Amino acid sequence: MRALAEYAMRGRTQAIIATVSIASLPLLFVALEVEQARLMLGLAATVLMILSAAIVGLVTLRRGTSDGVGLMLWALAPALIWLVWRDQASPMVTLLGTTALAVVLRRSVSWSQTLSVATVIAVIFSFLVDSLLPELITQVDEAAVVLLEALKKSNPQMSMPLEPEWLRELLLGAIVASFLGSSLISLAIARWWQSKLYNPGGFKAEFHGLRLSPLFAAAGLAVLLLGKTLPFEAARWIPVLITPFVVASIGLIHAIVAIKKLSRSWLVTFYSVMIIVGPYLIALLIMLAVADSFIDFRKHLKARRT
């Protein structure tokens with residue numbers, strides 16, 4: 001990973017070669033028609049575009065907006081091919097989102113502000129996605145119908161917990177949240193690369209210090225608590241708004257482990273629990289992030305150690 005970043009930062013030509021080649025690699029197999037292969041290919045395209053977008057983010061963070069946007073335009077070519085040929089919007093959205101967030105992070109030097117801006121952009125995008133990505137809407141509609149039918153077949157006596165419209169909006173919000181998550185992962189990789197190459201320990205300090213602003217945390221929590229009292233279109237917001245709380249909580253957990261000088265096995269356990277019981281852990285992570293935005297657990301832990 002570091003070798004890739006070092007190569008990309010040697011010059012403009014090397015950055016273009018690295019970015020475009022990584023994003024284009026899955027296109028070598030784009031003619032595959034086997035359904036399972038297509039699913040794996042789509043996943044590979046998303047993962048590789050995260051790396052490609054991370055290079056764009058690194059160039060933006062280090063060299064500025066002009067160089068970053070110029071590199072992003074080169075990477076748009078394979079991303080557009082994926083969108084037109086395979087109806088895969090994730091590569092293009094990840095690339096554009098990472099570039100925009102890298103500009104915000106470079107100017108603000110604040111993960112909290114960047115996360116807030118990213119969430120606002122994602123919420124706005126969730127209401128534009130109908131017109132921007134009509135094929136995606138069709139896929140979400142079909143998925144909602146299939147899911148509802150599966151729920152009915154599994155338990156015919158069960159009253160449906162969600163109206164079809166709510167389920168559709170939640171699924172759409174989950175997809176937008178995945179776009180947001182991919183962009184944030186790319187940005188984190190870019191910042192980590194920048195730290196490794198030019199500012200050792202910088203990313204670790206930033207990530208451990210990540211706290212949501214009290215205003216943002218309170219507003220986000222209010223919307224989540226209102227839930228079904230809002231118009232059903234607002235259900236798109238829910239998965240998107242959950243994302244920054246989860247990210248902030250993960251940063252806090254890492255900070256606590258570092259401050260208390262615990263072994264890395266604690267982090268391994270935490271991530272294992274997230275994978276196994278993730279949905280049941282979300283409420284706790286949200287409350288943890290909200291409490292931290294007002295209390296600042298790091299400050300109190302550091303004071304106790306001194």
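A nonpolar patch here joins nonpolar side chains (Val, Leu, Ile, Met, Phe, Trp, Tyr) within 5 Å, taking residues with over 30% relative accessible area and no salt bridge. With that in hand, here are the views; keep in mind that the model is predicted.

**Figure 1. A nonpolar patch sits on the surface.** Val273, Ile275, Ile276, Val277 and Tyr280 make up this patch, which covers about 590 Å². Zoom in on isoleucine 276, which belongs to helix α12. Its relative accessible area is 67%, so isoleucine 276 counts as exposed.

**Figure 2. Positive charge gathers in a surface patch.** The four members are Lys260, Lys261, Arg304 and Arg305. Lysine 260 sits in the loop that runs between α11 (237-259) and α12 (265-295). With a relative accessible area of 42%, lysine 260 is partly exposed.

**Figure 3. A salt bridge within helix α1 pairs arginine 2 with glutamate 6.** The N to O distance between the two side chains is 3.1 Å. Arginine 2 and glutamate 6 are 4 residues apart in α1 (residues 2-8), so about one helical turn separates them. Both ends get some exposure: arginine 2 is partly exposed at 42% relative accessibility, and glutamate 6 is partly exposed too, at 35%.

**Figure 4. Arginine 168 and glutamate 169 meet in a salt bridge.** Their side chains come to 2.7 Å, N to O. Glutamate 169 has a relative accessible area of just 2%, so this residue is buried.

**Figure 5. A network of salt bridges links Arg211, Asp292, Asp296 and Arg298.** Side chains of opposite charge can pair when their charged atoms come close. One of the pairs is aspartate 292 with arginine 298, whose closest N and O atoms are 2.7 Å apart. Aspartate 292 and arginine 298 are both buried. Across the whole protein, the salt bridge count comes to 7.

**Figure 6. Zooming back out, the protein is built from 13 helices and 0 strands.** Reading from the N terminus, the elements go α-α-α-α-α-α-α-α-α-α-α-α-α. The C-alpha trace spans about 60 × 55 × 35 Å along its principal axes. A compact globule of 306 residues would have a radius of gyration near 19 Å, and the 20 Å of the protein agrees with that. Of the 306 residues, 47% are buried.

Methods. Residues are numbered from 1 along each chain as its sequence is written. This is a predicted model: local features need pLDDT of at least 70, side-chain atom pairs count only at pLDDT 80 or more; totals for chains, interfaces and linings use all residues. Side-chain values use heavy atoms; hydrogens and water are left out. Patches are made of residues with over 30% relative accessible area and no salt bridge: like charges are joined within 9 Å, nonpolar side chains (Val, Leu, Ile, Met, Phe, Trp, Tyr) within 5 Å. Accessible areas come from the Shrake-Rupley method with a 1.4 Å probe; for residues, only the protein chains shown count as cover. Lys and Arg count as positive and Asp and Glu as negative; His and the chain ends are not counted. The place of a charge is taken as NZ of Lys, CZ of Arg, CG of Asp or CD of Glu. Helices (H or I, at least four residues) and strands (E, at least two) are DSSP runs, numbered from the N terminus. Buried means under 20% relative accessible area, exposed over 50%, partly exposed in between (1.4 Å probe, protein chains only). The radius of gyration is taken over C-alpha atoms; the globule rule is 2.2 Å times the number of residues to the power 0.38.
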